[in-house]
Amino acid sequence: MEKTILIIEDEQNINDILAFTFEKEGYKTISAFDGVKGLELAISEKPDLILLDVMLPGMDGFEVCRKVRDKSDVPIVMLTAREDEVDKVLGLELGADDYVTKPYSVRELTARVKANLRRSAYTASELDIPAGAEEDANTIRSGELVINIERYEVTKNSEVIDITLREFELLKFLAQQPDKIFSREKLLENVWGYEYYGDVRTVDVTVRRLREKIEDDPSMPKYIITKRGVGYYFNK
Ligand code: CA
């Protein structure tokens with residue numbers, strides 16, 4: 001089935017290049033040149049992924065991201081031009097799934113887009129599993145925390161924790177191999193699904209968010225532990 005990518009980028013030539021690139025890869029593309037129109041299309045056209053520039057006339061990319069995220073779980077890849085924009089994407093809890101920094105290579109960008117589309121396709125198909133099916137084989141328990149792999153669900157003291165797909169996949173990956181320490185690069189490769197392009201700070205930010213959700217005291221974590229100078233592990 002043909003996937004649709006919505007490109008929200010005000011610079012006509014960049015928008016054209018992106019559209020050309022992804023159509024050549026077999027995707028359908030829709031272009032928007034400002035934030036307001038982009039937001040409108042994100043909701044009306046239900047794209048499979050959004051490429052979202054930060055600096056846009058009218059409504060900027062941060063605002064668009066936040067507003068889209070209120071209504072949809074569509075993967076959003078932010079296009080950032082400067083390091084301070086990257087910090088903002090990572091720090092603002094906007095709900096963006098990924099970002100690339102300009103100037104990016106076409107190869108890098110297509111790798112990111114494919115990785116993010118794969119992940120969302122996987123989730124969509126896995127969510128139809130009937131309740132109670134193979135409950136125990138697919139469940140990891142540690143203290144009051146229960147991770148249900150098949151249902152993409154984490155509960156603590158029987159209460160469902162509101163967790164994003166990325167946070168879930170990171171937790172699952174660590175919890176499936178308890179006490180094994182993974183470097184941030186290794187986590188990026190295994191959980192984010194690409195080898196060379198990621199920024200390891202993405203891992204730290206996701207760990208921080210996860211701890212805020214699952215730990216009693218995020219500053220004294222008992223599930224996801226930092227091994228200083230090495231990486232992270234799940235303490236079972
Ligand atoms: Ca721009």
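1. Two strands are taken to pair if DSSP finds at least two bridges between them. With that in mind, the reader of this predicted model can turn to an open sheet of four strands, whose order is 6-7-8-9 and whose pairing is antiparallel. Strand 6 (139–142) and strand 9 (159–160) stand at the edges of this sheet, and because each has a single partner strand, one side of each is left without a neighbour in the sheet. Strand 6 is joined to strand 7 (residues 145–148) by four bridges, the two strands running antiparallel, and within this pairing Arg141 has Val146 of strand 7 as its bridge partner. Helix 6 (residues 165–176) packs on the sheet, where it touches strand 6, strand 7 and strand 8 (153–156), and its direction makes about 105° with that of strand 7.

2. The loop between strand 8 and strand 9 deserves a separate remark on its backbone. Most residues other than glycine have a negative phi. Asn157, which is found in this loop, has instead a positive phi near 50°, and Ser158, found in the loop between strand 8 and strand 9 as well, has a positive phi of about 65° although it is not a glycine. As to their surroundings, Asn157 is exposed, with a relative accessible area of 53%, and Ser158 counts as exposed at 69% relative accessibility.

3. A second sheet should be described in its own right: it is an open sheet of five strands in the order 2-1-3-4-5, and its pairing is parallel. Its edge strands are strand 2 (28–32) and strand 5 (98–101), each of which pairs on one side only, and the twist averages 20° from one strand to the next. Strand 1 and strand 3 run parallel and are joined by four bridges; in strand 3, Ile50 is the bridge partner of Leu6. Helix 1 packs on the sheet, touching strand 1, strand 2, strand 3 and strand 4 (76–80), with a direction that makes about 170° with that of strand 2. Helix 3, for its part, lies across strand 1, strand 3 and strand 4, and runs at about 175° to strand 4.

4. The calcium ion has as its protein donors Asp10 (OD), Asp53 (OD) and Met55 (O), which lie 2.1 to 2.4 Å from the ion, and the spacing of these donor residues in sequence is D-x42-D-x1-M. Asp10 lies in the loop between strand 1 (4–8) and helix 1 (12–24), while Met55 lies in the loop between strand 3 (49–53) and helix 3 (61–71), so the pair ties together parts that are 45 residues apart in sequence. Asp10 is partly exposed, with a relative accessible area of 29%.

5. The largest nonpolar core has 28 residues, and of these Val154, Leu171, Ile214 and Ile224 touch the most other members. Strand 7, helix 6, helix 7 (184–192), helix 8 (201–214) and strand 11 (231–234) each supply at least two residues of this core, and helix 6 gives the most, with six residues. The contacts of Ile214, leaving aside its neighbours within four places in sequence, are with Leu145, Val154, Lys156, Ile161, Leu171, Tyr223 and Ile224. A second core, separate from this one, has 24 residues and includes Val54, Ile76, Met78 and Val86.

6. Helix 7 can be looked at more closely, since its burial has a direction. The residues Leu187, Leu188, Val191 and Trp192 of this helix are buried, and, seen down the axis of helix 7, its buried residues fall within an arc of 105°, so they line one face of the helix. The helix is followed by Gly193, whose phi is positive, near 85°.

7. Some totals for the protein may help in placing these details. The secondary structure comes to eight helices and eleven strands, and buried residues make up 47% of the 236 residues in the protein. Of the contacts with a separation of 6 or more, 56% are accounted for by residues 24 or more positions apart.

How values were computed: Residues are numbered from 1 along each chain as its sequence is written. This is a predicted model: local features need pLDDT of at least 70, side-chain atom pairs count only at pLDDT 80 or more; totals for chains, interfaces and linings use all residues. Side-chain values use heavy atoms; hydrogens and water are left out. Contact means heavy atoms within 4.5 Å. Axes are lines fitted to C-alpha atoms, for helices over the stretch in contact, and angles run from 0 to 180 degrees between N-to-C directions. Buried means under 20% relative accessible area, exposed over 50%, partly exposed in between (1.4 Å probe, protein chains only). Donors are N, O and S atoms within 2.8 Å of the metal (3.2 Å for Na, K and Ca); water is not among the atoms, so sites may look incomplete. A nonpolar core is a set of buried Ala, Val, Leu, Ile, Met, Phe, Trp, Tyr and Cys residues joined through side-chain atoms within 4.5 Å. The arc is that of the directions from the helix axis to the C-beta atoms.
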